[in-house]
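Biologist: Let's go through this one together. I'll ask how you know each thing, and you show me the reasoning.

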Amino acid sequence: MLQTWVVAPTCLPHVLRRCPCGSPRSRPSGAFRVNAHHKLLDAWLLVLCDSCGRTAKLTVLERANVRSIPAVLLDRLHANDVGLIAELLQDPVVRRRNRVALDWAGAWRLDTGDPA
Ligand SMILES: [Zn+2]
């Protein structure tokens, strides 16, 4: 019998990065920070240390020319779009640039197609 099992995310994964307090885990705060200097724009995804609550910034955009950024992306940054947070965390370029990994423990469920 053919069965399709689906791994479905239930919430955002934890972010593995070492905090100065020694904790290896942070969680997405759900917010971005956007800073404009003239025509250049920086954007960060904010994460909070699981242990001490310290805020850290993951670089999303660095000195990007405002005119080169799609308006829809700017809107999503300003709206703290949770879908965008999920997309960026799953982007290997973003993870490599920020030297972080993801911890999906407790952030997914296995959908076996059986009625629950
Ligand atoms: Zn900490």
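**Values against cut-offs**

Modeller: Cys52 has a relative accessible area of 41%, which makes it partly exposed. Keep in mind that this is a predicted model.

Biologist: Why is Cys52 called partly exposed?

Modeller: Buried means under 20% and exposed means over 50%, with partly exposed in between. Cys52 has 41%, so it goes in the middle class. Cys21, at 38% relative accessibility, is partly exposed too.

Biologist: Which atoms are the protein donors of the zinc ion, and how do you know that they count?

Modeller: They are the SG atoms of Cys19, Cys21, Cys49 and Cys52, lying 2.3 Å from the zinc ion. The cut-off for a zinc donor is 2.8 Å, so these SG atoms qualify. Along the chain, the donors follow the spacing C-x1-C-x27-C-x2-C. Cys21 sits in the loop between strand 2 (14-16) and strand 3 (25-37), and Cys52 in the loop between strand 4 (40-49) and strand 5 (55-65), so this pair ties together parts that are 31 residues apart in sequence.

Biologist: What makes the site of the zinc ion tetrahedral?

Modeller: The angles among its four donor atoms run from 108 to 112°. Four donors count as tetrahedral if all angles lie between 85 and 135 degrees, so the site earns the name.

Biologist: On to helix 2 (residues 82-89). Which of its residues are buried, and how do you know where they point?

Modeller: The buried ones are Leu84, Ile85, Leu88 and Leu89. Seen down the axis of helix 2, they fall within an arc of 130°, so they line one face of the helix. In general, an α-helix has 3.6 residues a turn, so residues three or four places apart point the same way.

Biologist: What makes the contact at the start of helix 2 a polar one?

Modeller: A side-chain oxygen of Asp81 comes to within 2.7 Å of the backbone nitrogen of Gly83. A polar contact is a pair of N or O atoms within 3.5 Å, so the distance fits.

Biologist: How do you know that Lys57 lies over the face of Trp44?

Modeller: Lys57 is at 4.0 Å from the ring centre. The distance limit is 6 Å, so that part is met, and Lys57 is indeed listed as lying over the face.

Biologist: And what is the phi of Asn80?

Modeller: Phi is near 50°, a positive value in a residue other than glycine. Asn80 is in the loop between helix 1 (71-78) and helix 2, and its 31% relative accessible area makes it partly exposed.

Technical notes
Residues are numbered from 1 along each chain as its sequence is written. This is a predicted model: local features need pLDDT of at least 70, side-chain atom pairs count only at pLDDT 80 or more; totals for chains, interfaces and linings use all residues. Side-chain values use heavy atoms; hydrogens and water are left out. Buried means under 20% relative accessible area, exposed over 50%, partly exposed in between (1.4 Å probe, protein chains only). Helices (H or I, at least four residues) and strands (E, at least two) are DSSP runs, numbered from the N terminus. The arc is that of the directions from the helix axis to the C-beta atoms. A polar contact is a pair of N or O atoms within 3.5 Å; within protein, one must be able to donate a hydrogen and the other to accept it, and residues adjacent in sequence count only if both atoms are side-chain atoms. Donors are N, O and S atoms within 2.8 Å of the metal (3.2 Å for Na, K and Ca); water is not among the atoms, so sites may look incomplete. Four donors count as tetrahedral if all angles lie between 85 and 135 degrees; four count as square planar and six as octahedral if opposite donors are over 155 degrees apart and all others between 65 and 115; anything else is irregular. A charge sits over a ring if NZ of Lys or CZ of Arg is within 6 Å of the ring centre and within 35 degrees of the ring normal.
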